[in-house]
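Please open the model in a viewer and keep the sequence panel visible. The tour below proceeds by selections, each followed by a description of what is found there.

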Amino acid sequence: MAERRDVVIIGAGAAGMMCAIEAGRRGRRVLVLDHAKAPGEKIRISGGGRCNFTNIHAGPKNFLSANPHFCKSALARYSPRDFLDLVERHRIAWHEKTLGQLFCDNSAKDIIAMLLAEMKAVGAELRLSTAVSAVDHDGHSFRVVTENGVVEAASLVIATGGKSIPKMGATGFAYRIAEQFGLPLVETRAGLVPLTLDPATLAAHDGLPGVAVDVIARHGKTEFREAALFTHRGLSGPAILQISSYWREGEEIALHICPDVDFASVIAAARRQNGRQAMQTVLAEHMPKKLAQLLVNDLGINGSLAEQSGRSVEALIQKLRDWRMRPPGSEGYRTAEVTLGGIDTAALDSRSMAAKTVPGIYFIGEAVDVTGWLGGYNFQWAWASGHAAGQDA
Ligand code: FAD
């Protein structure tokens, strides 16, 4: 005989655990299944081990989706402050790092322990190392077939995340289930991911790997002001990860280097004071020396400041403001922090995350076509969408 529950949640990540807590609080008998050996593995490694668990400024404008309005209802009903209240109730010490990003003082494991304690308090059961081989629906309830038997439930919540970091057990399971039930998908791609550069550009960047600099990274009208990092394979750092979610293979991005510095005035003043200095010496007062050297070499600028033509100074200033690059690719799902695209929000009810055409099935978290910026937004979506489904399932 099959076991019975009110709600089965597949995926014990951020969204699945939050959903279990909310459904359990409503008195629903909840079972969470996960094929991994431990719950919340992405929480554990997030934010460099300290989990950037929310962003105090999180709002719909911080998310990418084919329908930018879809996330509004869930985000409004479960705010960053709500999650912070939970964190504080569990006496987890936290701090704001920058730009509203909230991190644990000690360890991301504190967040996992908090979620597990909340699940336990409401009687939600967790079953790990349990792979799901099939899901069927007979019109009334769902049958979830696992290697350890069958579980039936009136509500089924799919919280298995996206495709990023397959090494950590990411599977694309949610998309297969969506297809099985006839729900549309928005094409998926890697987001918050380092970009690669072609071999000729990398050769010209010799010596740059490891160099970080303050930039505005642009793609079309979208821009982010944070650090960029030159790597052995291309570009990374928060500004690049942010812009990568807007960029597509082969498109151009532009970097404005040290946007606080007015290089035209800096170079003019340096020329007046000491025209014998080299251009890279002047630039290196504001950026890493290796980068200053590369920019100067790239434009064929030699000799002292006094020897530079107005045209070459202008070309340099233009490059500092608008350094165009055309990355041929990205590092892909192997290192992407998130998966863009996923279950088309047109198929879901924005209040509950329930599928409109199949009663009782819900999709939450990263599996859905709602993707946040870097900085705690993706967890906020996981908490908010999990909370929304947990109130309905
Ligand atoms: P997940 O957390 O991916 O959970 C999915 C769960 O489903 C997993 O436990 C998995 O084992 C399970 N599962 C998958 N397939 C199956 C299957 N077939 N059967 C059974 N179980 C299955 N976001 C932030 O907001 N702040 C950060 O600091 C941050 N840092 C990050 C750092 C890294 C390195 C990465 C990769 C991501 C980071 N993110 C961060 C993004 C964030 O981790 C995700 O957006 C978030 O975890 C999504 O939650 P989820 O519950 O939807 O999916």
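Helices (H or I, at least four residues) and strands (E, at least two) are DSSP runs, numbered from the N terminus. Two strands are said to pair if DSSP finds at least two bridges between them. The model is a predicted one, in which local features need pLDDT of at least 70 and side-chain atom pairs count only at pLDDT 80 or more, while totals for chains, interfaces and linings use all residues. Residues are numbered from 1 along each chain as its sequence is written.

**The whole chain**

Begin with the entire protein chain, which has 13 helices and 21 strands. Its C-alpha atoms fill a box of roughly 85 × 40 × 35 Å, taken along the principal axes. Of the 393 residues, 45% are buried; a residue is buried if 20 or more other C-beta atoms lie within 10 Å of its own, exposed if 12 or fewer, and partly exposed in between, with C-beta atoms placed from the backbone. Two residues are in contact if their C-beta atoms, placed from the backbone, lie within 7 Å. Among contacts between residues at least 6 apart in sequence, 72% join residues at least 24 apart.

**Two annotated spans**

Select residues 6-391 next. The unreviewed UniProt entry annotates this span as "domain: RsdA/BaiN/AoA(So)-like Rossmann fold-like". Its end C-alpha atoms lie 13 Å apart, and the span is 31% helix and 25% strand. Then select residues 189-338, which the unreviewed UniProt entry annotates as "domain: RsdA/BaiN/AoA(So)-like insert". The end C-alpha atoms of this span lie 9 Å apart, with 34% helix and 24% strand. UniProt positions are given in the numbering used here, feature names are shortened, and annotations may be inferred rather than shown by experiment.

**The ligand**

Which residues are the closest to the ligand? Among the 37 residues that surround the ligand, the closest are Gly11, Gly13, Ser46, Gly161 and Gly365; a residue counts as near if its C-beta atom, placed from the backbone, lies within 6 Å. Colour helix 1 (14-25), helix 2 (41-45) and helix 13 (377-390), each of which supplies at least two residues of the shell. Helix 13 gives the most, with four residues. By class, the shell has 17 nonpolar, 15 polar and five charged residues. Here Ala, Val, Leu, Ile, Met, Phe, Trp, Tyr, Cys and Pro count as nonpolar, Asp, Glu, Lys and Arg as charged, and the others, Gly among them, as polar.

**A sheet of three strands**

Turn to the open sheet whose three strands have the order 3-6-5, with antiparallel pairing. Strand 3 (52-55) and strand 5 (94-96) are its edge strands, each pairing on one side only. Strand 3 and strand 6 (residues 101-104) run antiparallel and are joined by three bridges. Show Asn55, which stands opposite Gln101 in strand 6. Helix 4 (residues 80-89) packs on the sheet and touches strand 3, strand 5 and strand 6; its direction makes about 140° with that of strand 3. Such axes are lines fitted to C-alpha atoms, for helices over the stretch in contact, and angles run from 0 to 180 degrees between N-to-C directions.

In the loop between strand 5 and strand 6, select Leu99. Leu99 is not a glycine, although it has a positive phi of about 50°. Leu99 is partly exposed because 15 other C-beta atoms lie within 10 Å.

**A hairpin**

Move to strand 8 (residues 132-137) and strand 9 (residues 142-146), which pair in the antiparallel sense over five bridges. Val132 stands opposite Thr146 in strand 9. The two strands form a hairpin with four residues between them, and Gly139 in the turn has a positive phi of about 100°.

**A sheet of seven strands**

The next open sheet has seven strands in the order 17-16-13-14-15-12-18, with antiparallel pairing. Its edge strands are strand 17 (323-325) and strand 18 (329-330), each of which pairs on one side only. Four bridges link strand 13 (residues 212-219) to strand 16 in the antiparallel sense. Val215 stands opposite Ile257 in strand 16.

Cys258 follows, in the loop between strand 16 (253-257) and helix 9 (263-273). Leaving aside its neighbours within four places in sequence, Cys258 is in contact with Val213, Asp214, His286 and Met287.

**A last residue**

Is Met353 buried or exposed? Met353 is buried because 34 other C-beta atoms lie within 10 Å. Its place is in the loop between strand 19 (338-343) and strand 20 (361-363).
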